[in-house]
Amino acid sequence: VTSGPADGPIARVLAADHARLGALLDRATARDGVIDPEPYDEFRRALLRHIAIEEKLLLPAAQQARDGAPVALAPRLRLDHGAIAALLVPTPTPTIVATLRHILAGHDAVEEDADGVYAECDRLLGDAAAALADEMVAYPAVRVNPHNDGPLVDAAVQRALARAGYRLASLDR
Ligand SMILES: [Fe+2]
Ligand SMILES: [Fe+2]
């Protein structure tokens, strides 16, 4: 089954954010073997804000519209978000970036597809979807901690990945 992108107000705002995030990561990795700290930092901040929008505005609004029942894919999305956020803690490496790209490719599709979570939320919210999309656009920057490369971080990343069914990408070609 092929399905194009959804096009309600929520899907439009959040899919555009995915595209902006993808462009930032491409910029951060434009030079072979180097991760450019400046665009990567912008990517990291923007991605954490994007996740906050989904967890604090989108999923709660959809749950409310379903009389308190979370959308079916909410637990899946939250596990992915946990893995993504964990990968953003340490200073990036090529392995971390490859793993992020892998997770985001599948995750963004689950959200963006014509039968995906964004379309479901646009449907559920109906006339209220446009106002919620405006709130998303206006959502403030989130507080972001500096990178942490401490001794416990590796294990925390591995655990967050394992919980969501992922492992660090292999860079073998
Ligand atoms: Fe997400
Ligand atoms: Fe998203």
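Mentor: Helices are DSSP runs of H or I with at least four residues, and strands are runs of E with at least two; both are numbered from the N terminus. Take Y139: this residue sits in the loop between α6 (129-138) and α7 (153-163).

Trainee: What should I know about the model before reading on?

Mentor: This is a predicted model: local features need pLDDT of at least 70, side-chain atom pairs count only at pLDDT 80 or more, and totals for chains, interfaces and linings use all residues. Residues are numbered from 1 along each chain as its sequence is written, chains are lettered from A and ligands numbered from 1 in the order in which they are written, and side-chain values use heavy atoms, with hydrogens and water left out.

Trainee: Back to Y139. Is Y139 buried or exposed?

Mentor: Buried means under 20% relative accessible area, exposed means over 50%, and partly exposed lies in between (1.4 Å probe, protein chains only). Y139 has 19% relative accessibility, so this residue counts as buried. Now look across the chain. Y139 and A52 are 87 residues apart in sequence, yet their C-alpha atoms are separated by 9.1 Å.

Trainee: And what about R49: where is this residue placed?

Mentor: R49 belongs to helix α2. Its relative accessible area is 14%, so R49 is buried. From R49 to R143 the C-alpha distance is 8.7 Å, with their positions 94 residues apart in sequence.

Trainee: Now the metals. Which residues coordinate the iron ion (ligand 1)?

Mentor: Donors are N, O and S atoms within 2.8 Å of the metal (3.2 Å for Na, K and Ca); water is not among the atoms, so sites may look incomplete. For the iron ion (ligand 1), the donors are E54 (OE), H81 (NE2), H107 (NE2) and E111 (OE), at 2.0 to 2.1 Å. Along the chain their spacing reads E-x26-H-x25-H-x3-E. Two of them, H107 and E111, lie four residues apart in helix α4, about one turn of the helix. H107 and E111 are both buried.

Trainee: What geometry does the site of the iron ion (ligand 1) have?

Mentor: Four donors are tetrahedral if all angles lie between 85 and 135 degrees; four are square planar and six octahedral if opposite donors are over 155 degrees apart and all others between 65 and 115; anything else is irregular. The four donor atoms of the iron ion (ligand 1) make angles of 82 to 171°, and the site is irregular.

Trainee: Which protein donors does the iron ion (ligand 2) have?

Mentor: H18 (NE2), H50 (NE2), E54 (OE), E111 (OE) and Y118 (OH), at 2.0 to 2.3 Å. The pair H18 and E111 links distant parts of the chain: H18 is in helix α1 (residues 9-28), E111 is in helix α4, and they are 93 residues apart. H18 counts as buried because its relative accessibility is 6%. E111 counts as buried too, at 0%. In sequence, the donor residues run H-x31-H-x3-E-x56-E-x6-Y.

Trainee: How far apart are the iron ion (ligand 1) and the iron ion (ligand 2)?

Mentor: They are 3.3 Å apart, and E54 coordinates both.

Trainee: How many cavities of 30 Å³ or more are counted?

Mentor: Work on a 1 Å grid over the protein atoms alone. A cavity is a set of points where a 1.4 Å probe fits but cannot get out; a pocket is an open set with protein on both sides within 12 Å along at least five of seven lines; lining residues have an atom within 4 Å of a point. Points join across faces, edges and corners, and a volume is the space filled by probe spheres set on them. The count here is one cavity. The largest cavity holds about 30 Å³. Its lining includes H18, H50, E54, H81, H107 and E111. Helices α2 (37-65), α3 (74-87) and α4 (94-112) each supply at least two lining residues.

Trainee: And which residues line the second largest pocket?

Mentor: R44, L48, A85, L88, V89, R143, V144, N145 and P146. This pocket has about 160 Å³ of space.

Trainee: Last one. What phi does D67 have?

Mentor: Most residues other than glycine have a negative phi. D67 has a positive one, near 55°. D67 lies in the loop between α2 and α3. With a relative accessible area of 78%, D67 is exposed.
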